[in-house]
Amino acid sequence: MRTPAWIVRPPGPVPYDLANAAMHELAERRLAGEIPDTLILLEHPPVFTAGRRAKPQELLWAEDEVLARGAEVRRIDRGGSFTFHGPGQLVGYPILDLGARPDASAHLRRIEETVIRAGNEIGVQLRRRDDIQTGVWQRDDKVCAIGVRLMRARVSLHGFALNCDVDLSWFGGIVACGLPDHGVTSLSKLARRTVTVARMMPIVQRCAADVFGLAFRPAPELVA
């Protein structure tokens, strides 16, 4: 028996600040038991986000240059270092009640498994790299960054960023995920064909439903 859950898939790129505020509000409501588990799937306009372990020197472009290129920098409350979000990248925010004794590592493994299965569906073989860092990889290149937070040590927020057909040159502005000796890649590059967010969104949603044991229905209009 799957657990009823909401899916939120807003159209078009959603500004990071708007999505971040909505995600935190939904997490508070999930913590209070007002809403079911929820998965948000979306794209963002260009933005660099810095997690709690990010170091200032890992932002390789001055913030003035970032702004001139049409992006923003945001320092946020997830784990991890710097990453980039932008058009062509599928971002997922699972807002899940992990219970009174949450297993954060198991939650991260489920996110990885979701993306690995989604890659398999389009013929791209991906894997986790427990020897390096959470995320989804092909060889030494990361295709999906993962960073989460547990609100009140119970409800998950933040999540994953899957490179579909994103412009990879943006990652030149940061030391991605704090790993200077590793690269980034995309599903399009690995598949040697264009793989869009629109193509991957229903696949990732279905794989997440399978991995997390959820039965999605669209969220009410007031949160979508």
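Biologist: Why is strand S6 (89-95) called mostly covered?

Modeller: A residue counts as buried under 20% relative accessible area, as exposed over 50%, and as partly exposed in between, with a 1.4 Å probe and protein chains only. In S6, 7 of its 7 residues are buried. The model is predicted: local features need pLDDT of at least 70, side-chain atom pairs count only at pLDDT 80 or more, and totals for chains, interfaces and linings use all residues. Residues are numbered from 1 along each chain as its sequence is written, and side-chain values use heavy atoms, with hydrogens and water left out.

Biologist: What makes S6 a strand?

Modeller: Strands are DSSP runs of E with at least two residues, helices are runs of H or I with at least four residues, and both are numbered from the N terminus. By that rule the protein has 5 helices and 12 strands.

Biologist: Which residues of S6 lie on each side?

Modeller: In a regular strand, side chains alternate between the two faces of the sheet. Gln89, Val91, Tyr93 and Ile95 are on one side of S6, and Leu90, Gly92 and Pro94 are on the other. Every one of these residues is buried, which leaves both faces covered.

Biologist: How do you know that S6 pairs with S10?

Modeller: Two strands pair if DSSP finds at least two bridges between them. S6 and S10 have 4 bridges, in the antiparallel sense, and Val91 stands opposite Ala161 in S10. Strand S2 (residues 37-42) is also antiparallel to S6, joined by 5 bridges. There, Thr38 is opposite Ile95 of S6.

Biologist: Why is S2 called largely enclosed by the rest of the structure?

Modeller: Because 6 of the 6 residues of S2 are buried. Asp37, Leu39 and Leu41 point one way, while Thr38, Ile40 and Leu42 point the other way. S2 also pairs with strand S1 (residues 3-8), over 4 bridges in the parallel sense. In that pair Val8 faces Ile40 of S2.

Biologist: What makes the largest pocket a pocket and not a cavity?

Modeller: The test uses a 1 Å grid over the protein atoms alone. A cavity is a set of points where a 1.4 Å probe fits but cannot get out, whereas a pocket is an open set with protein on both sides within 12 Å along at least five of seven lines. Grid points are joined across faces, edges and corners, and the volume is the space filled by probe spheres set on the points. For the largest pocket, this volume is about 380 Å³.

Biologist: Which residues line the largest pocket closest to its centre?

Modeller: Lining residues have an atom within 4 Å of a point. There are 28 of them, and Gly79, Gly80, Ile146, Gly147 and Val148 are closest to the centre. Strand S9 gives the largest share of the lining, 7 residues.

Biologist: How many of the lining residues are nonpolar, and how many polar or charged?

Modeller: Ala, Val, Leu, Ile, Met, Phe, Trp, Tyr, Cys and Pro count as nonpolar, Asp, Glu, Lys and Arg as charged, and the others, Gly among them, as polar. The lining then has 13 nonpolar, 10 polar and 5 charged residues.

Biologist: Why does Phe82 count as buried?

Modeller: Phe82, in strand S5, has 2% relative accessibility, so it counts as buried. Contact means heavy atoms within 4.5 Å. Leaving aside neighbours within four places in sequence, the contacts of Phe82 include Thr49, Leu59, Val73 and Cys177.

Biologist: Does Cys177 count as buried or exposed, and what about Arg192?

Modeller: Cys177 has 12% relative accessibility and therefore counts as buried. Arg192, at 81%, counts as exposed. Cys177 lies in the loop between S10 and strand S11 (183-184), and Arg192 in the loop between helix H4 (187-191) and helix H5 (197-212).

Biologist: What is the phi of Cys177 and of Arg192?

Modeller: Most residues other than glycine have a negative phi. Phi of Cys177 is near 60°, a positive value, and phi of Arg192 is near 60° too.

Biologist: Why is the protein called as compact as a globular protein of its length?

Modeller: The radius of gyration is taken over C-alpha atoms, and the globule rule is 2.2 Å times the number of residues to the power 0.38. The rule gives 17 Å for 224 residues and the protein has 16 Å, which is close, so the protein is as compact as a globular protein of that length. Of its 224 residues, 53% count as buried.
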